[in-house]
Amino acid sequence: MDTALLIKAAIMGIVEGLTEFLPISSTGHLILAGALLGFDDDKAKVFDIAIQTGAIFAVILVYWQKIRDTLVALPSEKQAQRFALNVFIAFVPAVILGLLFGKAIKAHLFTPVVVASTFIIGGFIILWAERRQQKNPSVARIHDVESMTPMDALKVGLAQCLAMIPGTSRSGATIIGGMLLGLSRKAATDFSFYLAIPTLIGAGAYSLFKERALLSMADVPLFGVGLVFSFLSAWLCIRWLLRYIATHSFVGFAYYRIVFGVVVLATAWSGQVIWAA
């Protein structure tokens with residue numbers, strides 16, 4: 001396979017891993033990087049979704065102790081059963097709404113104005129959520145994922161569905177949505193990671209199955225490189241983020257989103273990036 005193409009796959013994997021779990025929209029960054037690299041055909045779109053699995057392996061590695069303990073305790077302990085049920089409940093809305101409206105959303109909402117607007121609006125929502133918790137810390141009534149109820153999980157799952165709108169950010173929707181619904185910053189971030197496991201694995205598997213006619217065994221090195229670099233960069237990003245949120249807020253990401261929204265508009269109007277589904 002062309003070495004230049006493998007280098008592009010590595011770069012895209014790094015972009016995916018670094019942006020998937022931050023509230024800044026990995027999809028938007030992958031589109032921009034793909035356009036700049038000339039890596040934006042139909043196969044590249046499948047690639048972008050498939051390499052999310054590499055990032056998920058990083059989540060599983062970082063949270064392996066919790067995941068293993070839950071699986072071991074699942075047959076007998078109610079706390080483990082409630083945690084697994086909460087993840088499942090939060091996962092279901094994205095499946096239902098994705099199957100019902102995913103195609104229409106890609107056809108009608110993936111425009112520069114929508115992407116830029118969600119970047120910018122999302123930035124202001126993050127500023128509001130952070131200011132709300134700072135002024136009134138008591139609004140954070142849930143400080144760990146084990147304390148969540150099924151209704152809390154359902155609400156976070158519905159918040160995740162907002163990420164179907166391009167530029168919103170899945171992690172941003174779940175983390176900030178969780179904070180607005182009463183979760184602490186740490187609890188919302190942790191649950192966002194756990195919820196990402198079924199959500200992104202499901203999305204990757206569905207995309208590969210749906211677009212299997214585009215793929216062949218010759219694409220294995222391309223996807224393999226993307227997965228490896230996505231895994232490595234996501235692993236570093238997750239470890240950094242968990243340390244970061246212990247002493248910092250998401251305000252910096254809010255300003256970044258606002259600036260990036262302006263970049264989306266500027267690149268679209270200048271014709272440098274073709275923002276297509």
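**Notes on an all-helix model**

1. Let's start with burial: of the 277 residues in the chain, 48% are buried. Keep in mind as you read that this is a predicted model.

2. On secondary structure, the chain has 12 helices and 0 strands. Reading from the N terminus, you just go α-α-α-α-α-α-α-α-α-α-α-α.

3. How does the radius of gyration sit with a compact globule? For 277 residues such a globule would come out near 19 Å, and the chain has 18 Å, so the two agree. If you'd rather think in terms of a box, the C-alpha atoms fill one of roughly 50 × 40 × 35 Å along the principal axes.

4. Contacts reach far along the sequence. Take those between residues at least 6 apart in sequence: 83% of them join residues at least 24 apart.

5. Ala58 gives you a concrete case to look at. This residue lies in helix α4, which covers residues 52-62. Is Ala58 buried or exposed? Its relative accessibility is 0%, so Ala58 counts as buried, the cut-off being under 20%. Leaving aside residues up to four places away in sequence, Ala58 touches Phe231, Ala234, Trp235 and Ile238. Trp235 is 177 residues away along the chain, yet the C-alpha atoms of Ala58 and Trp235 are separated by 4.8 Å.

6. Now try Ile105, in helix α6 (residues 78-108). With 16% relative accessibility, Ile105 also falls under the 20% cut-off and therefore counts as buried. Which residues does Ile105 touch, once those up to four places away in sequence are set aside? They are Phe110, Met164 and Pro166. For a sense of spacing, Pro93 is 12 residues from Ile105 in sequence, and their C-alpha atoms are 16 Å apart.

7. What about cysteines? A disulfide is a covalent bond between the sulfur atoms of two cysteines. Searching the whole structure turns up 0 disulfides. Two cysteines you may want to find are Cys161, buried with a relative accessible area of 9%, and Cys237, buried with 6%.

8. Last, the surface and the charges. About 13,300 Å² of the chain is exposed, and carbon and sulfur atoms supply 70% of that area. The chain carries 22 positive and 16 negative charges, and the mean positions of the two sets are 7 Å apart.

Technical notes. Residues are numbered from 1 along each chain as its sequence is written. This is a predicted model: local features need pLDDT of at least 70, side-chain atom pairs count only at pLDDT 80 or more; totals for chains, interfaces and linings use all residues. Side-chain values use heavy atoms; hydrogens and water are left out. Helices (H or I, at least four residues) and strands (E, at least two) are DSSP runs, numbered from the N terminus. The radius of gyration is taken over C-alpha atoms; the globule rule is 2.2 Å times the number of residues to the power 0.38. Buried means under 20% relative accessible area, exposed over 50%, partly exposed in between (1.4 Å probe, protein chains only). Contact means heavy atoms within 4.5 Å. Accessible areas come from the Shrake-Rupley method with a 1.4 Å probe; for residues, only the protein chains shown count as cover. Lys and Arg count as positive and Asp and Glu as negative; His and the chain ends are not counted. The place of a charge is taken as NZ of Lys, CZ of Arg, CG of Asp or CD of Glu. A disulfide is a pair of cysteine sulfur atoms within 2.5 Å.
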